[in-house]
Amino acid sequence: MSALSRTLYVPVAAVRPYLALKCTLILLAFDVWIARLYKGHGHGAGGFNVAHFGLLDAVQPSISAPLYVGVIVLTGALCLTIAIASRPPRALIVLAFLLHTWSWAMSMLDSYQHHYLLSIVLLALAFFPRLTAEEALLPPSAPVKRDAPGDEGKRKRRKKKQAEKKKEAPEGSALLRPFPLVSAGGYAFLAASVAVVYAYTALSKTDPEWLAGAALKSVLHLQENGMPAPGRDDPISFFRELAASFGLAGETFWWFMGHSVVGVQLVCALGYLLAPFRDVTTALWMHALGWLALFTALSFHLGAEYMGLEIGWFSYYMIGYALIFFLPGRWLVIAARALVPLLGASLGPEVIAARILAGLVLLAAGFGAELPVVGWLGVAILALTPIRLIAKAAWTREAASRETQTHHVALGAAGIGAAVLVAGGYIADLPGAPAAAIAGAVLLGAGVVYLLVAKGQARAIHGYGVGAAIAGLALIASMALSETRWDFYRNYGGNHRRLGEWAIAYHAYQKAVRYAPDDDAADSRQRRVDEMRANIERDGPRRP
Amino acid sequence: MSDREREWSTRIAQAGAGLVAVGALLLTFDVTAQEQRAFGWYALVPGVLALLAAGVLRGAADAAGVKAPPIVEPPQGKVATWLAIAFGAGLLVQALIPLRYYFGSDPYDERFAWRMFSNVRVYRCDLGAFETRSGYERPVSLMQTIHVGWGSLLRRNRPAVMDAYLEWRCEQEGVTAARLLNRCVSPAGEAVPDVVRRIDCADGALDDGEER
């Protein structure tokens, strides 16, 4: 094998590409629904739009809020469905890439650079190895092979073979057994792509105003002397005090901060470029560099969040990638084996015990420390064990059933998935959402027909049906538990009020009142509705 | 595993680490003296590149010694070659696109250049929009004309948005010319050249110019 092949296709722990794929798709689904959807309020307002690329302006349909919302809803549903489905085809990831890319490229109103980065990530994911959870997480000596129902002889022979292998397998906790490796060119491509981002970010911060700290003061909305305006909180009080303990104060502190940002980006870039070798290298300095890159990336992105320098959910993605790329493979495998329900394989009671313990700790810590997200994560981890038991029971029953029954169950799952997705689109109560959900259901139906007619794979349909159903439910939950609809409708109303579109503003404000948070501003919101109604009675649907 | 490759890798890594240490020391002097002599970067960046070369050399050598077969084998033959070309081309494109900003003439369009929170992004700007109707130029309320998000992009001097806005105004009845004037100051409080874009609706000609 050539040096180039050894570099590009270097074996990595299978858990890394597996987690990178699943976590990106799940995070992206909720990102687009919770953090991006409401920004569609401005798309097409006043009939003005400029796409990121001139070619798009020439070929795309007239941009509007419903079109943007529809693309966003469909992108999220597709990402969640293929994250849940086992071994999704590359074509679906390419479709997610195209939809996501169009969602930001259709209008320069969306100029967040991390949306562009996520397009690159999705493109890289299309080249990732297609792995099931069992293939990525189970020890390589005990691969899980799926038998067609009714193939009793083959199954018995395999069981016998596996029992023999089990005798030879090393003793010890199932959690700690060796992990499988994969050759993943897409993973190395993704690591290098992320490194390009960090390298250019370092270059951009070598500007004299950044190195001297002036730009950072401005970004943090501080005064020229580096202190917050009277009456405002100091967003960097922690770092200021920490630096002061090392004797860095005044302007020297700002010069240090400006220079250190460049150093941080360079360490991250180098770390990502060498990350694909994390599981094969025996060089101590490379392992040390992995830890340094992890610490640096985490401190940078957590620090940015602490200082209020949020760029959408960018930090969450980068924190996730830092953990996936830089933590030792063994650590990732242990965590994933404990958390991911595996079908047709048991990792022993200690895994269930560890999972329950972790769930209880997160639940207690989350709700005790008023961090509901952590608390709900604990609830989800606690729910994993029963979900796994049900899934295993269903798997066993399904494997024993006949081919025709499998077809019925598969078609039933797809039908329920499509119905729940369409219901989610209507319950979301946003313009464009129902059409997107129907398009998603049609896509699911087309996939079912393709799998049944062209490939005869009824079993694969289950994952897409379940995925679509979960996507529909997650869409409903995202809308109900976030202020997305309130943010969308109040801004949608405001845009059209300023532009003199009274009728559209009136309907938007009515919806905004429905989804408004429970606070003291209810009267002023109702006044807006009344104002628009008065304008309509006076001028008609728009300003004369 | 090739011992020679490992040996070379170690030597290069040692040299790289030394350069990084020297660079960091020189930059520490810059920070404490509050001067931008920049010599530190000339040592630090080659040091980082040397560490990268050493890491790739060592990683590739170590990969050859992996005994456990991967559960997904690397592609072979022409597929492997074409994939390698595709990945290489993809990376090259990603590396070249930001250079459009650094070697281009427009300091304001920072898209695709990975310049999050750049100093340009935090310029404080005052934007004025004007239209000529019946021979008289008068200011336009952007808030009542266009979505507030586009106002932010105009304030950031995005050329494509400025041109599209001016062309769009020419489509409005009675408008014979339109103009945008943006005055900005840098984070350090220094005034930067004004950005002016004009359109003559008769022939659709756009002209730009920086004037002060």
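User: How many Å separate the centres of domain 1 of chain A and domain 2 of chain A?

Analyst: In this predicted model, the centres, taken over C-alpha atoms, are 36 Å apart. Domain 1 covers 3–133 + 180–340 and domain 2 covers 484–539, with bounds that come from an automatic or database domain assignment. Residues are numbered from 1 along each chain as its sequence is written, and chains are lettered from A in the order in which they are written. Local features need pLDDT of at least 70, side-chain atom pairs count only at pLDDT 80 or more, and totals for chains, interfaces and linings use all residues.

User: What makes α23(A) roughly antiparallel to α24(A)?

Analyst: Helix α23 (residues 502–515) and helix α24 (residues 522–539) of chain A, which are DSSP runs (H or I, at least four residues) numbered from the N terminus, pack at an angle of about 160° with their axes 9 Å apart. The axes are lines fitted to C-alpha atoms over the stretch in contact, and angles run from 0 to 180 degrees between N-to-C directions. Angles over 145 degrees count as roughly antiparallel, and therefore α23(A) is roughly antiparallel to α24(A).

User: Which residues of α23(A) and α24(A) make the contact?

Analyst: Two residues are in contact if their C-beta atoms, placed from the backbone, lie within 7 Å; among them are A:Trp502 and A:Tyr506 of α23(A), and A:Val529 and A:Ile536 of α24(A).

User: How many residues of chain B are in contact with chain A?

Analyst: There are 59 residues of chain B in contact with 70 residues of chain A, and α2(B) supplies the largest share of the chain B side, twelve residues.

Terms used
Helices (H or I, at least four residues) and strands (E, at least two) are DSSP runs, numbered from the N terminus. Angles under 35 degrees count as roughly parallel, over 145 as roughly antiparallel, 65 to 115 as roughly perpendicular and the rest as oblique.
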